[in-house]
Amino acid sequence: MDGKHMQIGEVAARTELSLRTIRHYEETGLVTPSARSQGGFRLYTETDVARLMVIRRMKPLGFTLDQMRDLLDATDRLDADATLGTEEREALLERVRAYQREAAAQVEKLRVQLSRAEDFEGTLRARLEQDAHTARG
C-alpha cells in the first residue's frame, strides 16, 4: 500500500457503492475510514477499498451484515496476527472456508436461476420471431 488516501467520492466511484451505502457500512462497523482530513472528511486507503469490495461481493449472495462482519473479523485477524497459534489460525481458516462453501452454493443457485431466465428469454424471442414471420407471410 502506498498510503494514498482517497475521499469518499473516489471510493464510491471505484467500488460502485453509493455514498449513503458506504456511510451505512461505517455506521454498522463494517468499514472505518483510515483517517480524517483536517476538514473532517473521511479518508480511505486501498485496504479500505478492498474491504468494501468484499462487502459488495457478499451482499448479492444474501450474506447478512453480521456474516460480513464475522468474515472480515476472521480475515483481519489472519492478516494482522502472525503470532496466532495453530489451533486459533485453523479455527479462523475454517470460518473462512465455511463462507467460501456458502458462496459456492449461492453461486450455483444463481447459475440455475440464470439458466432458467435465459430459457425464458429464448422462449419469448422465439415467439416474437414466429409472430414476425407470420405477419410477413
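## Close-up views of a predicted model

**View 1. Helix H4, end to end.** H4 (residues 65-80) is built from 16 residues and runs 22 Å from its first C-alpha to its last, close to the 22 Å expected at 1.5 Å a residue; the expected span is 1.5 Å times one less than the number of residues. Helices (H or I, at least four residues) and strands (E, at least two) are DSSP runs, numbered from the N terminus. This is a predicted model, in which local features need pLDDT of at least 70 and side-chain atom pairs count only at pLDDT 80 or more, while totals for chains, interfaces and linings use all residues. Residues are numbered from 1 along each chain as its sequence is written, and side-chain values use heavy atoms, with hydrogens and water left out.

**View 2. The two sides of H4.** Look for Met 68, Leu 71, Leu 72, Ala 74 and Leu 78, which are buried in H4; buried means under 20% relative accessible area, exposed over 50%, and partly exposed in between (1.4 Å probe, protein chains only). Seen down the axis of H4, these buried residues fall within an arc of 160°, so they line one face of the helix. The arc is taken from the directions from the helix axis to the C-beta atoms. Packing against the buried residues of H4 are H3 and H5, where contact means heavy atoms within 4.5 Å. On the face of H4 turned away from its buried side sit the exposed residues Asp 66 and Ala 80. Asp 79 also belongs to H4, and it counts as exposed because its relative accessibility is 68%. From Asp 79 to Leu 93 the C-alpha to C-alpha distance is 11 Å, with their places 14 residues apart in sequence.

**View 3. Helix H1 and its neighbours.** In H1 (residues 8-15), the buried residues are Ile 8, Val 11, Ala 12 and Thr 15. Viewed along the axis of H1, they fall within an arc of 100°, so one face of the helix is lined by them. The buried residues of H1 pack against strand E1 (6-7), helix H2 (19-27), strand E3 (42-44) and helix H3 (46-58). Just after H1 comes Glu 16, with a positive phi near 60°.

**View 4. The largest nonpolar core.** A nonpolar core is a set of buried Ala, Val, Leu, Ile, Met, Phe, Trp, Tyr and Cys residues joined through side-chain atoms within 4.5 Å. The largest one here has 21 residues, of which Val 11, Ile 22, Tyr 25, Leu 52 and Ile 55 touch the most other members. H1, H2, H3 and H4 are the elements that give two or more residues to this core, and H3 gives the most, with 5 residues. Tyr 25 makes a good starting point for a tour: leaving aside neighbours within four places in sequence, Tyr 25 is in contact with Leu 17, Leu 30, Val 31, Leu 52, Ile 55, Lys 59 and Leu 65. As background, nonpolar side chains tend to be buried together in soluble globular proteins.

**View 5. The three-stranded sheet.** The 3 strands of this open sheet are ordered E1-E3-E2, with antiparallel pairing; two strands pair if DSSP finds at least two bridges between them. E1 and E2 stand at the edges, each with a single partner strand, so one side of each is left without a neighbour in the sheet. Between E1 and E3 the antiparallel pairing runs over 2 bridges. Met 6 has Tyr 44 in E3 as its bridge partner.

**View 6. Salt bridges.** The structure holds 17 salt bridges, each a side-chain nitrogen of Lys or Arg within 4 Å of a carboxyl oxygen of Asp or Glu. One of them joins Arg 36 to Glu 26, with 3.3 Å between the closest N and O atoms. This pair links distant parts of the chain, as Arg 36 lies in strand E2 (residues 35-36) and Glu 26 in helix H2, 10 residues apart. Arg 36 is partly exposed, at 45% relative accessibility.

**View 7. Salt bridges within helices.** In H4, Arg 77 and Asp 73 are 4 residues apart, so about one helical turn separates them, and their side chains meet in a salt bridge (3.8 Å, N to O). Arg 77 is partly exposed at 31% relative accessible area, and Asp 73 is partly exposed at 33%. Both take part in a network of salt bridges that links Asp 70, Asp 73, Arg 77, Glu 88 and Arg 95. In H5 (residues 86-136), Glu 94 and Arg 97 are 3 residues apart, or about one helical turn. Their side chains form a salt bridge (3.3 Å, N to O).
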